[in-house]
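Trainee: Could we go through this structure together, one question at a time?
Mentor: Happy to; let's have it in front of us.

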Amino acid sequence: MFATSEIELDQSALAQNLKFIRSIIGNDVRLSSVVKGNAYGHGIFEFVPMAEAQGVDHFSVFSADEALEVTNISLNKSSVMIMGYVGPDELEWAVLNDVEFFVFEMGRLKQAYEIAKKFDTRARIHIEFETGLHRTGFSKSELNQLVSFIQDKKDYFEVLGDCTHYAGAESIANYLRIKNQIKKFNKMDRWIRNQGITPKFKHTACSAAAISYPKSRMDMVRIGILQYGFWPSKETFIDCIKHSESREDPLRRVIKWKSRVMAVKEVDTGEFIGYGTTFMATENMKIATVPVGYSHGYSRSLSNQGRVLIHGKRLAVVGIVNMNLLIVDVSECPEAAPGDEVVLIGEQGDVAVSVASFSELSDQLNYELLTRLPRNIPRTVVKN
Ligand SMILES: *Cc1c(COP(=O)(O)O)cnc(C)c1O
């Protein structure tokens with residue numbers, strides 16, 4: 001394989017994560033697997049069949065291009081739901097292919113109606129409410145207009161759901177805001193039901209909400225980061241395990257992103273390593289270069305911060321992450337030699353490394369780094 005790094009996706013890790021998620025949400029709540037951002041960098045083409053093999057039959061994406069990828073690879077004719085952007089030319093494709101989509105303003109609803117009418121079919125919609133995120137969604141003042149439009153054109157819509165999204169359920173700092181959103185959502189949901197509109201699925205929860213706010217689970221949850229084996233935040237992790245007997249992490253990383261040592265080198269005390277002066281050797285050191293840099297998706301913000309695994313040891317990235325390579329302090333791992341496996345994300349032996357699992361780096365970096373993994377890194381599915 002011609003590549004400086006590769007990605008392995010672990011089928012059994014995914015099975016374990018889904019089992020854990022189902023144990024949390026119970027049997028009556030539907031699971032929608034969120035695969036936007038190229039399945040959080042895992043690769044839609046590899047990940048969707050893996051999830052389908054575990055019984056997942058509903059996928060959520062951000063935009064129509066991603067929905068097209070899911071429908072192209074899906075073996076089981078799973079449902080696909082677009083939560084964000086659908087271009088004017090794409091809406092017709094979505095309607096004609098039974099792709100579900102959020103509606104959050106009258107414009108899209110009207111367009112969907114025009115298309116459904118033209119082809120004498122039904123648009124499969126999820127009504128999104130504005131409950132406090134202040135991003136997209138119908139506000140209370142628009143509900144009258146929304147409801148009468150749908151009532152009027154009943155034959156052209158299948159109202160599959162009503163939904164909202166929370167403003168940071170992974171942080172306790174947002175507790176009151178989230179509680180208010182749940183209340184507001186339920187009120188709006190009751191109101192449209194009283195008007196005779198009966199969405200099949202009420203759904204509001206992302207990973208963090210599903211863990212920390214049981215009332216947010218409703219009829220369906222939209223789970224992204226958890227299924228891949230990462231926590232939305234440390235707070236969410238602690239919130240989850242404080243109720244369980246075992247303090248062990250119930251999740252396993254599905255992804256293993258690995259490369260190899262390119263070269264090793266000795267550096268004397270007092271020398272600077274890499275470009276500039278960000279890292280000085282304060283003792284005699286041994287370093288290893290790894291042919292992965294920011295152009296391959298290893299964020300420059302991990303300069304002097306990142307950790308990688310070599311021979312089952314967690315080792316520090318030293319100096320600035322370059323375009324095509326990074327440098328690791330292997331002083332504690334004197335056996336390191338060219339060709340040795342380097343794990344950038346995932347497990348090696350008994351140790352695991354994720355991006356935000358060390359220092360005070362933002363948890364958001366997990367999301368960002370994963371989704372920026374280039375599409376051209378070869379991906380294979382394994383069973384460990
Ligand atoms: C991304 C996203 C999710 C999933 O979020 P996770 O934190 O990865 O579980 C759910 N709902 C919406 C609207 C999203 O955009």
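The questions below deal with one helix, two annotated positions and the ligand in this predicted model.

Trainee: Let's begin with helix α5, residues 88-96. Do its buried residues line one face or lie all around the helix, and within what arc do they fall?
Mentor: The buried residues of α5 are Leu-91, Ala-94 and Val-95. In general, an α-helix has 3.6 residues a turn, so residues three or four places apart point the same way. Viewed down the axis of α5, the buried residues line one face, because they fall within an arc of 95°.

Trainee: Which elements are included in what covers those buried residues of α5?
Mentor: Here we look for heavy atoms within 4.5 Å. The cover over the buried residues of α5 includes two strands and a helix: β5 (100-103), β6 (123-128) and α6 (106-118).

Trainee: Which residue just after α5 takes a positive phi?
Mentor: Look just past the end of the helix, where phi is about 60°. The residue with that positive value is Asp-98.

Trainee: Which residues does UniProt list for "binding site", and how far apart in space are they?
Mentor: The unreviewed UniProt entry lists Arg-135 and Met-323. They are spread over 189 residues of sequence, and they are spread in space too, with C-alpha atoms up to 34.7 Å apart.

Trainee: Is Arg-135 buried or exposed, and what is its relative accessible area?
Mentor: Arg-135 sits in the loop between β6 and α7 (143-152), and among the listed set it takes part in lining the second largest cavity. Leaving out residues up to four places away in sequence, it touches Glu-130 and His-165. Exposed means over 50%, so Arg-135 counts as exposed with its relative accessible area of 59%.

Trainee: And how accessible is Met-323?
Mentor: Met-323 is in the loop between β14 (313-316) and β15 (326-329). Its contacts, not counting residues up to four places away in sequence, are Gly-293, Tyr-294, Ser-295 and His-296. Partly exposed runs between 20% and 50%, so Met-323 counts as partly exposed at 44%.

Trainee: Which side chain has an N or O atom 2.9 Å from a nitrogen atom of the ligand?
Mentor: The residues around the ligand include Lys-36, His-165, Ser-207 and Arg-222. Oxygen atoms of the ligand lie 2.6 Å from a side-chain N or O atom of Lys-36 and 2.5 Å from one of Ser-207. For the ligand nitrogen atom at 2.9 Å, the side chain is that of Arg-222.

Key. Residues are numbered from 1 along each chain as its sequence is written. This is a predicted model: local features need pLDDT of at least 70, side-chain atom pairs count only at pLDDT 80 or more; totals for chains, interfaces and linings use all residues. Side-chain values use heavy atoms; hydrogens and water are left out. Buried means under 20% relative accessible area, exposed over 50%, partly exposed in between (1.4 Å probe, protein chains only). Helices (H or I, at least four residues) and strands (E, at least two) are DSSP runs, numbered from the N terminus. The arc is that of the directions from the helix axis to the C-beta atoms. UniProt positions are given in the numbering used here, feature names are shortened, and annotations may be inferred rather than shown by experiment. On a 1 Å grid over the protein atoms alone, a cavity is a set of points where a 1.4 Å probe fits but cannot get out, and a pocket is an open set with protein on both sides within 12 Å along at least five of seven lines; lining residues have an atom within 4 Å of a point. A residue is near a molecule or strand if one of its heavy atoms lies within 4 Å of it. A polar contact is a pair of N or O atoms within 3.5 Å; within protein, one must be able to donate a hydrogen and the other to accept it, and residues adjacent in sequence count only if both atoms are side-chain atoms.
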